[in-house]
Amino acid sequence: MILDELTYEQCMAQGVGPFVFPKRLEKGIDPANSVRMKTVCLQNMQEQVRMHYTLEKAWQALVDAGIEPVLMKGAGLAALYPEPQMRQWGDVDLFVGKEQYHPACAAMRSAFPKALKFDEELDHYKHYNLIADGVSIEVHRVTMALTHPVDKRRYEKMEEYGTVNGVRCTVYGVQGMVKVFEPTFNALFVFMHSWEHMMTNGASLRQLCDMSLLLHQYADRIDRKRLGSWLRALHLTEVWQLYMAICVRHLGLQETEAPFYSMDERIVKNADQLLKALLEGRMREIRSIDSASAKNRFVRKWQTMKLRMRNADRIGQFSPAYARHLRAGIILSGLGRLFAKDRHWE
């Protein structure tokens, strides 16, 4: 597996150090590397104790306020690992939806009165953020901020399904059962969250490990027909196949557990190139055009659109199909913002 080939520096950059290092320590390594790997694992375990304390307090505050949150990302995905403390995570992410958003924000401020508050509680923001005892808590209105208007409408229905049909699970460090998304939607969301990072500030190999473990854990509960329909509706089938190729060929996921896995030569080649770019730190959004210096609003919008089209071209080298859809979304979103009187986007 690719995890066995990573250097210490790559493990740290990809967020898989605490997961990989214990296995390497068992095999025996030189004293210098042993010390720094043990230090990383110990520090992560200590950090997890602090994170889970804040998570439990935040969770209970929402429940006491009559709000049923859904645990997103970090802590919920850590439960999939053989030892949850192996999975490094840095934020407490709680989804409450649009209707419960403002009461949930108020509940968090009440539970953590001394917390630092950075995000305003606005209805076009994806989440409200505060930092309590050094731990970032994100209260989510929505799980994804999509630009294409059709994608947004379709995804909202998927999100609703994933929330209404959420499942209960035990999370390390939290008393009682917590709610996480329905497995099929959770697979879609974890995938889309990672892909969003691939298109912007860079994803990590840890996110693909999450996908592999989620698909393995819930292999008999993933609704493949529904998932396939969702992927087609969002024009993400080709991108999903890239991810499945990486998970199967490099992370040990069984073919039978990887929905829509394809051995097509083009998919395999592009998947390997995507993994290489990820490990080399090349999956970064292009930000070289200085649109802020232009005084004319239309010139700024035009320059911003050109920049986003260049990023679509960058994505096109891995998934031509999604790049075409992305370009259409950029044009529609750009026109909407150009003529909008107020900010009404997520």
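Against which helices do the buried residues of α11 pack? They pack against α1 (8–13), α7 (183–199), α8 (205–217) and α10 (237–251). The model is predicted, and it describes a protein of 346 residues, of which 53% count as buried. The protein contains 13 helices and 7 strands.

**Overall character**

- Among contacts with a separation of 6 or more, 64% join residues that are 24 or more positions apart.
- The protein exposes about 16900 Å², and carbon and sulfur atoms supply 52% of that area.
- The largest nonpolar core has 113 residues, and within it Y155, L188, F191, W195 and Y243 touch the most other members.
- Leaving aside neighbours within four places in sequence, Y155 is in contact with T143, M144, L146, F185, L188, F189, M192 and L234.

**Helix α11**

- Helix α11 covers residues 265–279, which makes 15 residues.
- From the first C-alpha of α11 to the last is 21 Å, close to the 21 Å expected at 1.5 Å a residue.
- The buried residues of α11 are I267, V268, N270, A271, L274, L275, A277, L278 and L279.
- In an α-helix there are 3.6 residues a turn, so residues three or four places apart point the same way.
- D264 caps the N-terminal end of α11, with a side-chain oxygen 3.0 Å from the backbone nitrogen of R266.
- After α11 comes G281, which has a positive phi, near 75 degrees.

**Helix α7**

- The 17 residues of α7 should span 24 Å at 1.5 Å a residue, and the end C-alpha atoms are indeed 24 Å apart.
- Helix α7 is mostly covered, since 16 of its 17 residues are buried.
- E182 caps the N-terminal end of α7, where a side-chain oxygen of E182 lies 3.1 Å from the backbone nitrogen of T184.

**Strand β5 and its partners**

- All 6 of the 6 residues of strand β5 (residues 135–140) are buried, so the strand is largely enclosed by the rest of the structure.
- V135, I137 and V139 point one way from β5, whereas S136, E138 and H140 point the other way; both sets are buried.
- Strand β2 (residues 91–95) runs parallel to β5 and is joined to it by 5 bridges.
- Strand β4 (residues 127–132) pairs with β5 in the antiparallel sense, over 6 bridges.
- E138 in β5 stands opposite D93 and is also the bridge partner of N129.
- β4 and β5 form a hairpin with 2 residues between them, and D133 in the turn has a positive phi of about 55 degrees.

**Strands β6 and β7**

- In a regular strand, side chains alternate between the two faces of the sheet.
- Strand β6 (residues 167–170) shows this alternation: V167 and C169 point to one face and are buried, while R168 and T170 point to the other and are not buried.
- Strand β7 (residues 177–180) runs antiparallel to β6, and 4 bridges join the two.
- C169 has V178 in β7 as its bridge partner.

**Individual buried residues**

- G97 lies in the loop between β2 and α5 (101–111), and this glycine is buried, with a relative accessible area of 9%.
- Leaving aside neighbours within four places in sequence, G97 is in contact with H140 and R141; H140 belongs to the buried strand β5.
- The C-alpha atoms of G97 and T163 are separated by 9.0 Å, although the two residues are 66 residues apart along the chain.
- N44 is found in helix α3 (residues 31–64) and is buried, with a relative accessible area of 7%.
- Not counting residues up to four places away in sequence, N44 touches P18, Q85, M86, R87 and Q88.
- D210 lies in helix α8 and counts as buried, at 1% relative accessibility.
- The side chain of D210 makes a polar contact with the side chain of Y81, at 2.6 Å.
- Not counting residues up to four places away in sequence, D210 touches L77, L80, Y81, R87 and V190.
- R87 is thus listed among the residues that touch N44 and among those that touch D210.

Technical notes: Residues numbered from 1 in each chain as written. Predicted model: local features only at pLDDT ≥ 70, side-chain atom pairs only at ≥ 80, totals over all residues. Heavy atoms only, no water. Buried < 20%, exposed > 50% of the residue type's maximum accessible area, 1.4 Å probe, protein only. Pairing = 2+ DSSP bridges. Expected span 1.5 Å × (residues − 1). Contact = heavy atoms within 4.5 Å. Polar contact = N/O pair within 3.5 Å; in protein donor to acceptor, adjacent residues only side chain to side chain. Core = buried A, V, L, I, M, F, W, Y, C linked by side-chain atoms within 4.5 Å. Areas by Shrake-Rupley, 256 points an atom, 1.4 Å probe, with all protein chains shown as cover.
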